[in-house]
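Colleague: I would like a close look at the aromatic residues in this model and the core around them. Please take me through that part in one go.

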Amino acid sequence: MDEMEFWELVDAARETADGDPEEQADVLMDRLLQQDPESVLDFARHFESRYNRAYTWDLWGAAWVLLDGASDDAFDFFRCWLIGQGRDVFEGAMHDPDSLADLLDDFDEEIDGDGEELGYAADEAYEQLTGTVAPDLGIPPAPAEPEGTPIDFESENALAERYPKLWDRFRD
């Protein structure tokens with residue numbers, strides 16, 4: 001599975017699920033179950049690589065503004081959700097996290113921002129297909145600390161200054 005096929009699966013699942021992250025995970029897993037085990041592992045590699053790449057202070061700050069706070073776990077689930085939003089939103093957020101204010105049509109804190117189940121879809125599909133746990137993906141591990149410069153999440157002024165569009169749209 002190449003990168004284009006990865007994003008096509010993500011997009012198709014999101015569209016079928018009408019944007020609901022839990023439903024998207026179910027649809028994605030159903031579609032992965034139609035693949036061969038090696039393709040599922042390829043999908044997992046693409047997903048995990050992007051998940052690791054999104055481990056940045058800048059993105060964590062954007063999640064903090066959108067979610068009105070984001071613990072370690074909440075940020076993990078946010079990164080899964082962000083991947084689930086598709087290539088344009090993901091790459092846009094990676095380039096400029098504040099651009100999420102323009103890239104997201106709407107955002108409901110109750111359901112959006114939490115894609116925990118998306119993070120498990122490939123592992124569960126692989127296990128159902130093979131009866132075994134997925135092997136090591138052979139990709140570099142996530143960094144021990146987020147990339148970039150730490151942000152004082154407790155300072156509303158710092159967050160409003162660093163993410164003016166997000167702050168104006170989601171916190172004012």
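Modeller: What follows covers the ring pairs, the charge over the rings, and the core. The model is a predicted one.

The structure contains 15 aromatic pairs. One of them joins tryptophan 64 and phenylalanine 153, whose rings are stacked with 4.7 Å between centres and 15° between planes. These two partners come from distant parts of the chain, 89 residues apart. Tryptophan 64 belongs to helix H4, while phenylalanine 153 lies in the loop between helix H8 (121-130) and helix H9 (156-162). Tryptophan 64 counts as buried because its relative accessibility is 19%, under the 20% cut-off. Phenylalanine 153 has 13% relative accessibility and therefore counts as buried.

Both residues are also part of a cluster linked by ring pairs. Its other members are Tyr55, Trp57, Trp60, Phe75, Phe78, Trp81, Phe107 and Phe170. Phe75 carries a further feature: the charged end of arginine 79 sits over its ring, 5.1 Å from the centre. Arginine 79 also lies over the face of tyrosine 51, at 3.9 Å from that ring centre.

Phe78, from the cluster, appears again in the largest nonpolar core, which has 57 residues. Phe78, Leu32, Phe43, Leu82, Leu100 and Leu166 touch the most other members there. Helix H4 (residues 57-67) gives the most to this core, with 9 residues. As for leucine 166, its contacts beyond four places in sequence are Ala62, Val65, Leu66, Pro97, Asp98, Leu100, Ala101 and Arg171.

Conventions. Residues numbered from 1 in each chain as written. Predicted model: local features only at pLDDT ≥ 70, side-chain atom pairs only at ≥ 80, totals over all residues. Heavy atoms only, no water. Core = buried A, V, L, I, M, F, W, Y, C linked by side-chain atoms within 4.5 Å. Buried < 20%, exposed > 50% of the residue type's maximum accessible area, 1.4 Å probe, protein only. Helix = DSSP H or I, 4+ residues; strand = E, 2+ residues; numbered from the N terminus. Contact = heavy atoms within 4.5 Å. Phe/Tyr/Trp six-rings, centres within 6.5 Å; stacked < 30°, edge-to-face > 60°. Lys NZ or Arg CZ within 6 Å of the ring centre and 35° of its normal.
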